[in-house]
Amino acid sequence: MTPNAAPSSSGPSRRSFLASTAVATAAVAGGMPLLAACGGSDGGSRDGTTSSKDAKKILPAYVASNVVTPDIPSKNGSAVGFTSKLDLAGLKTSVPKKLGKGGKVTIMSPFWGSPPKDGNAYYTSMNDLIGVDVVWQNQDGNTYDQKLGAVLASSEVPDVVVVPGWNMTGKIPSAIIGKFADLGPYLSGDAVKEYPNLAAIPTDAWQRSIFGGKLRGLPMPSSYVTGIVPLYRQDIFEKEGYEVPRSCDEFMALAKDATNAKAKRWACLDMKWTAFNAFGVLSGNEKSLGWNEVDGKLVYRIETEEYLEALEWTRKLFAADVVHPDARLGKSNAADPGPKFAAGEFLIYNQDSSQWWSRTAEQATQNPEFKIWGMDIFGHDGGDPTLWAQNPAGIFAFVNKKASEAVIRDVLAVANVTAAPYGTKEYMATNYGVEGTHYTVKDGVPTKTDQGNIDVMNAYVMVASPAATIAHPDFPEVAKGQVEWQQRMGAFTKKPSFYGMQITEPSRYTNLSNDFEQLEDDVIRGRKKISDVQQAVSDWKSKGGDKLRDWYQKILDENGSAAG
Amino acid sequence: MSHSTVPRTDTEAEAKENPPAAHGGATGATKKPPAGKLSLRLRFRRDRVLLLMTLPAILLVLLFNYVPILGNVVAFQEYDPYISDNGVVSILRSPWVGLENFQRIFEDSAFWNSVQNTLVLFFLQLVLYFPIPILLALLINSVVRPRVRAISQAILYLPHFFSWVLVVAVFQQLLGGAGLLSQLLRQHGYDGLDIMTDPETFKFLITAQSVWKDAGWGIIVFLAALASVSPDLYEAAAMDGANRWRRMWHVTLPALRPVIALLLVLRVGDALTVGFEQILLQRGAVGPGAAEVLDTFVWWNGVRNQDFSYAAAAGLVKGVISLGLVLAANKVAHLMGEQGVYKK
């Protein structure tokens, strides 16, 4: 065995603000300095977390900016909702002066759906508004993890890279610390006031953006309630007289009833994520969220009974042939499920709640019958579900360490526009595009055009966002549905032990649970057995899982539990 | 492989008629190569223009094939490419672990699973794929009208220029669980077939895709070899009363034999490379149990999991096995009296 972090410095860190990583000097496994802090010039600590005391020194100041008062205030961790009519003529301007200096910024970002052409009207109008020439490198969001590692290991890292928390597997956290710039000098304390929209981002989202003791990320704040909604075709449910299921058994019965392969109709796609929620499995969204203290002992999600039960139930769905054949392709299926959902080839799928609105907008003009709605997550036995909180910011944009100050300033100019709150011109431009091209206004209600549905997707919203907001002036009832769904689900949501902390595991353990996602997909498609998972779990324990548990225990002892 | 004695004499007759043109290449056993008598300096002076002309190619090979080989040292490290911006510096800073990665590989059942899949796929493709271009070449060669011939050749070549993404998508639309074939079956009261996600038949699916895409392209070399067969031989054989089949057996196939042997040896050298992109695209559809081959194993661990050292070690093991295979195949080719890829 060998030390796994930097070869130098196994003693206490030289930097005072890394005091919290005193854990880093803990000797595990035969006295080896497994948790060695990196004292190198480009480092910062590579593993551990940053205590709230240290974080205070680098967090940006918070300056609230409520342009419009929300119609539905936040409750149970939900986003704030806006449902009343938006005064489009009276939009406020939150960025009075272009902050961009006309530089060029390349941004690599995950993209779900079909990316629009470069130089489309949305991109050019946003670039004009910001004063920066943003060049997008959109990558398929479903297989983003397969590209990220290679791009970060190359010498051609784009100026900005967007990294969702669930893609921070393997050595990605180490890459984030090694390859991305410290934004502290531009944002810490009062410095952020130069970018008022960034100053209005809630502090807990910024806290999550501290990687390796430095402020590196531009966060996308989100509700801590799970984002994965079981979405269904309410119009077809009503026509056929289907009831929304309230337990796993009801779901299965409905699925069998609804499937008619001869008529090219199946009940659902892969429902694994919903199954995890229905059975109360700890979150797989981020590694640290998968741990929770139970009766004084930390357990990891894959060790739980619920995990196996959820997989078994999802396997039964596949075995019953109620799942659309495309879902059998797993990650090989790069196709956007939207068109087949609209065609009624399947009636239920689970995805991020943002699709609740985007699918509605997509189909509104050509397919007036179409109605997508989110069903409440059911407890597997018909009772209340136990849901686990996700972190209050799950997607981050990082700036290349090699970027000059001019580029960093331009990136912050981009972020300051994309983080504009609801009710501003900038929010409208970021989320709806150009009036006349991407949306038309009738009776004060914006309606997205076909081009709007093609061009205005992902991209700019991935950089930095305002405090979690749900507002769809074109479909206020969807906004209401989304917020209320979050509030109902929020009531069942619990916080696990490491909620809100940004934790970087020691590199020795980072690959331990890499292959579980693939194994899950194999099991539910009937190619592997539950006993294979049990075997993998016991391998996981012996290969380092148990030591990782001790490592997390130390962090818990030092920082206290966030559970609640 | 068995072969009769008749074609052997034909081949030798051919070989004498068409000695290889290259300098220093093999010539008849009776004549000593003249180059052997000249001193190195004289040979260098005589061939300096030729050597100069090969220089760019050699530089490219050095730069893109040999220099990267040095990177394999990470197989003996716990390599972390993210500790510095420069790959070389990262290598220098990464700790050494000796043979730990190799030890892990030999204990990893996923690795052995990928070796098994690779070999099974190789043999399957050898049997089911390799002969098809030869048959196609013979078929095309027998077409007399140039127009028909050109058109059929173009049609056969065409799929080669499609990307794998497209090929897999076409197969999915036709043979997938919600594809054309399945829906047709369902509408007529049968069960749908999901050929694309069946791990049992995946190897045949992969082979079928390869055949569809590349068999046409593979005939080019054989057609060229067939074009060099002198029509006199066919006429003489016909005069002697040989029918169509006997002419093919005694004239055409012997003419193809050296090419077939060469391609076989090359193919064996590539045995462990059985279609990376094609398989990666469909890995999720059948799971790694059926689809993981050595190349995807290396990719998954190295690029996806960023376990670069482990992947490099697996790549090295693959390289060593490949080298052994190509040497063995070459030996077999020599024993059969063919040249193989090089001559001793």
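**Exercise 1.** In this predicted model, determine which residue stands opposite V294(A) in β11(A), and describe the hairpin around that pair.

*Solution.* Begin with the pair itself, in which V294(A) of the model faces K297(A) in β11(A). Next, place the pair in its strands: β10 of chain A covers residues 291–294 and β11 of chain A covers residues 297–300, and the two run antiparallel, joined by four bridges. Finally, turn to the connection, where two residues lie between the strands and D295(A) adopts a positive phi near 50°.

**Exercise 2.** Establish the strand order of the open five-stranded sheet in chain A, and explain which strands stand at its edges.

*Solution.* The order reads β3-β2-β4-β15-β7, and the pairing is mixed. Because β3 (133–140) and β7 (217–221) of chain A each have a single partner strand, one side of each is left without a neighbour in the sheet. Neighbouring strands of this sheet are turned against each other by 20° on average, direction ignored. Within the sheet, β4 (residues 160–164) and β15 (residues 393–399) of chain A pair in the antiparallel sense over five bridges, and V163(A) stands opposite F396(A) in β15(A).

**Exercise 3.** Characterise how α6(B) and α11(B) cross, and identify the residues that make the contact.

*Solution.* The axes of α6 (residues 109–128) and α11 (residues 202–227) of chain B come within 10 Å and cross at roughly 45°, which means that α6(B) is oblique to α11(B). The crossing of these two helices is right-handed. On the side of α6(B), the contact is made by V120(B), L121(B), L124(B), Q125(B) and L128(B), while α11(B) contributes K203(B), I206(B), T207(B) and S210(B). Sorted by character, the contact residues comprise five nonpolar, three polar and one charged.

Terms used:
Residues numbered from 1 in each chain as written. Chains lettered and ligands numbered in written order. Predicted model: local features only at pLDDT ≥ 70, side-chain atom pairs only at ≥ 80, totals over all residues. Pairing = 2+ DSSP bridges. Axes fitted to C-alpha atoms, helices over the stretch in contact; angles between N-to-C directions. Parallel < 35°, antiparallel > 145°, perpendicular 65-115°, else oblique. Left-handed = near helix turned anticlockwise from the far one by under 90°. Contact = placed C-beta atoms within 7 Å. Nonpolar A, V, L, I, M, F, W, Y, C, P; charged D, E, K, R; others polar.
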